[in-house]
Amino acid sequence: MAENDGEMKNEKGFPWKKRKGKEKIEEEEKGSDPLVKFGSDVMFIILSFLDARSVALSLVVSRGWYGVASSDRLWSNLCEKLWVQKAHIPRISQARGLSKLQAYSLSVMDGKRTRIMKEDLWDHAWEFHYNMVAPEYFRDLDPYWKGTGRLMRRYFHPDGSQTADANDMIWGGHEACYCVVTSFLDGGQIRDHYVRINRWPQLCVTRKEDWSWEMSNHLYSYTSIQDAYKKGGTGPLFPDFRFTA
């Protein structure tokens, strides 16, 4: 290490750079922090123009940023934007004591859930129609194929029964019961998951982008009817999030 004109140099003759102290670094970081520069009110306005993913990333910047980015006012608006085009609002997101950030997160998680539960069945009314391969006799009575009137509806009940409207021309007043069947592989993955009504062929279950449900086999199809207006939400209060799309 050489010394020339009072300046410390390394073995290669380059001057040593002084290391910045920790306090100096923290002071510079604070000076470049928009939250420190503009204040929480201005940052709240800025964050209100961002999408949910961007706001969520702001949560991990610092404690100060978390305080602004986790605001109920901010996430209440994001929840409304999330729910506005959805067929169903998850009951778990409406539970008392939740922050709006938690409500948003739980809504997204429930929207990815593809394992239907009994509460999903009995909380919604269902539109019902026959598919093309069904006997012509039934299709001739089906408003879906005739293009006249409201589609037929079916209702599932907590006691395991199923009913239809009184003026349903196909129902005929027969008794019907349903069950949800789920089987697993050794690793805990779902092997089979379906709904069965009486002894009819099993109904395969799918989840749509608007969080509605569809159940179908080769003979007929069910689609859950939009009911986002229901106070308190719909579906299970404690859904199983282990099996999501």
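**Exercise 1.** In this predicted model, find which backbone nitrogen the side chain of Ser 224 reaches, and at what distance.

*Solution.* Start at the side chain of Ser 224 and look for the backbone nitrogen of Trp 213: the two are 2.8 Å apart. Next, check for a side-chain partner. His 88 fits, as its side chain and that of Ser 224 are joined by a polar contact of 2.8 Å. Now zoom out a little: Ser 224 belongs to strand 10, which covers residues 220-224. Skipping neighbours within four places in sequence, you'll find Ser 224 in contact with His 88, His 124, Ala 125, Trp 126, Ser 212 and Trp 213.

**Exercise 2.** Decide whether Ser 224 is buried or exposed.

*Solution.* Take the relative accessible area of Ser 224, which is 6%. Buried means under 20%, so Ser 224 counts as buried.

**Exercise 3.** Work out where Leu 74 sits and whether Leu 74 is buried or exposed.

*Solution.* First, the element: Leu 74 is part of helix 6, residues 72-83. Then the area: with a relative accessible area of 4%, Leu 74 is buried. Now list the company. Beyond four places in sequence, Leu 74 is in contact with Phe 44, Leu 47, Ser 48, Val 55, Val 68 and Ala 69. Finally, try a distance: from C-alpha to C-alpha, Leu 74 and Ala 52 are 9.6 Å apart, with their positions 22 residues apart in sequence.

**Exercise 4.** Put both residues in the setting of the whole protein.

*Solution.* Count the elements: there are 10 helices and 10 strands. Then check burial: of the 245 residues, 38% are buried.

Methods:
Residues are numbered from 1 along each chain as its sequence is written. This is a predicted model: local features need pLDDT of at least 70, side-chain atom pairs count only at pLDDT 80 or more; totals for chains, interfaces and linings use all residues. Side-chain values use heavy atoms; hydrogens and water are left out. Helices (H or I, at least four residues) and strands (E, at least two) are DSSP runs, numbered from the N terminus. Buried means under 20% relative accessible area, exposed over 50%, partly exposed in between (1.4 Å probe, protein chains only). A polar contact is a pair of N or O atoms within 3.5 Å; within protein, one must be able to donate a hydrogen and the other to accept it, and residues adjacent in sequence count only if both atoms are side-chain atoms. Contact means heavy atoms within 4.5 Å.
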